[in-house]
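Visitor: I'm new to this one, so could you walk me through it piece by piece?
Guide: Gladly; let us look at it together.

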Amino acid sequence: HLMDQLFGMDRLERRLADYFGISRCIITPGDSDRQEKVIEEFGHLLWDALNKQLPIGENIIAVMGGTTMANVAENLSILETHNRHNMFVPARGGIGEYVNVQANSVSAVMAMRTRGNYRSLFVPEQLSSATYDSLLQEPSILEVLNLISEANCVIHSIGRAIHMAARRKMTEKELLMLKQKNAVAESFGYFFNESGEIVYRIPRIGLQLKDILNIPYIFAVAGGKSKAKAIHAYMKNAPKQTWLITDEAAANEILKGL
Ligand code: G3H
């Protein structure tokens, strides 16, 4: 039975990767909506993938925030070797999350768990454009922005559009606009409709979606039956080098209707 299960999962992984046209899907049994253990397993799988994929030398890893990312970070372990150095940076400036799940916090936890380094990006949410422009001239901020622009790895999650917009306290007007545009998925502060088209972008500094097309190592971590639609929408147009780490519940729900 165990062999059947393993081969079954292998087939499911290949079907999903082929369907999205991406390099690789890694699927863990269960449903992360209902089982905390499944999210912990995402952390172990991500660690394994990073350990095997990240090249020797200097790596710059840009990470996004969210509850999945925060939980995954806690479940990473040592990655460094004497000739591999990993620097974690937040992928984009604050997009309205609570402090413990902000990209800054997640990248610091990832660095500490893996014995890497990190740099934080301290740019407040609400600023006049004059203040913002002068802040961007600050050497400490420029240093981090330069690191972000040189990232060779990105780690992010995928969320449900309206849920994320509400959690990040976007205005009623913005929520209405997202509904009218049929936004179903959110990632990197970008919102996507069911066809995977961008319908809105939270204007923040840091990595933009077009920048990640050229980044060799991209890991998307998201699961749970409730996120199937969001994962489906985002992954349709995701960069082809993306590895998706997800669970059986999301995978089955995505492939069900095909
Ligand atoms: O961009 C997507 C969100 O970060 C996902 O958030 O992991 O809390 O569902 P979540």
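Visitor: How many residues lie between β8 and β9 in their hairpin?
Guide: There are four residues between β8 and β9, and in that turn Gly196 has a positive phi of about 85°. Please keep in mind that what you see is a predicted model.

Visitor: And over how many bridges do β8 and β9 pair?
Guide: The two strands pair over three bridges in the antiparallel sense, and within this hairpin Phe192 stands opposite Ile198, a residue of β9.

Visitor: What holds strands together in general?
Guide: The strands of a sheet pair through backbone hydrogen bonds, and the arrangement can be parallel or antiparallel.

Visitor: Which strands make up the open sheet, and in what order?
Guide: The sheet has four strands, arranged as β6-β7-β8-β9 with antiparallel pairing. Its edge strands are β6, covering 159-160, and β9, covering 198-201, each of which pairs on one side only.

Visitor: What about the β6 end, how many bridges link it to β7?
Guide: Two bridges join β6 to β7, which spans residues 183-187, and they too are in the antiparallel sense. Across this pairing, Gly159 stands opposite Glu186 of β7.

Visitor: Which helix lies across β6, β7 and β8?
Guide: That is helix α10, made of residues 228-236, and it runs at about 75° to β7 while lying across β6, β7 and β8, the last of these being 190-193.

Visitor: Switching topic: how many residues surround the ligand?
Guide: The ligand is surrounded by 13 residues, of which the closest are Thr67, Thr68, Arg167, Glu186 and Lys227. Glu186, which we met in β7 opposite Gly159, places a polar side-chain atom 2.5 Å from an oxygen atom of the ligand. For Arg167, an N or O atom in the side chain is 2.7 Å from a ligand oxygen atom, whereas Gly65 uses a backbone N or O atom, which lies 3.1 Å from an oxygen atom of the ligand.

Visitor: So how much of the ligand does the protein bury?
Guide: The protein buries 95% of the 300 Å² that the ligand exposes when taken alone.

Visitor: Last thing, how many salt bridges are there?
Guide: The count comes to eleven, and one of these salt bridges joins the side chains of Lys37 and Glu40, with 3.9 Å from N to O.

Visitor: Why are Lys37 and Glu40 separated by about one helical turn?
Guide: Lys37 and Glu40 are separated by about one helical turn because they are three residues apart in helix α2, which covers residues 36-53.

Terms used. Residues are numbered from 1 along each chain as its sequence is written. This is a predicted model: local features need pLDDT of at least 70, side-chain atom pairs count only at pLDDT 80 or more; totals for chains, interfaces and linings use all residues. Side-chain values use heavy atoms; hydrogens and water are left out. Two strands pair if DSSP finds at least two bridges between them. Contact means heavy atoms within 4.5 Å. Axes are lines fitted to C-alpha atoms, for helices over the stretch in contact, and angles run from 0 to 180 degrees between N-to-C directions. A residue is near a molecule or strand if one of its heavy atoms lies within 4 Å of it. A polar contact is a pair of N or O atoms within 3.5 Å; within protein, one must be able to donate a hydrogen and the other to accept it, and residues adjacent in sequence count only if both atoms are side-chain atoms. Accessible areas come from the Shrake-Rupley method with a 1.4 Å probe; for residues, only the protein chains shown count as cover. A salt bridge is a side-chain nitrogen of Lys or Arg within 4 Å of a carboxyl oxygen of Asp or Glu.
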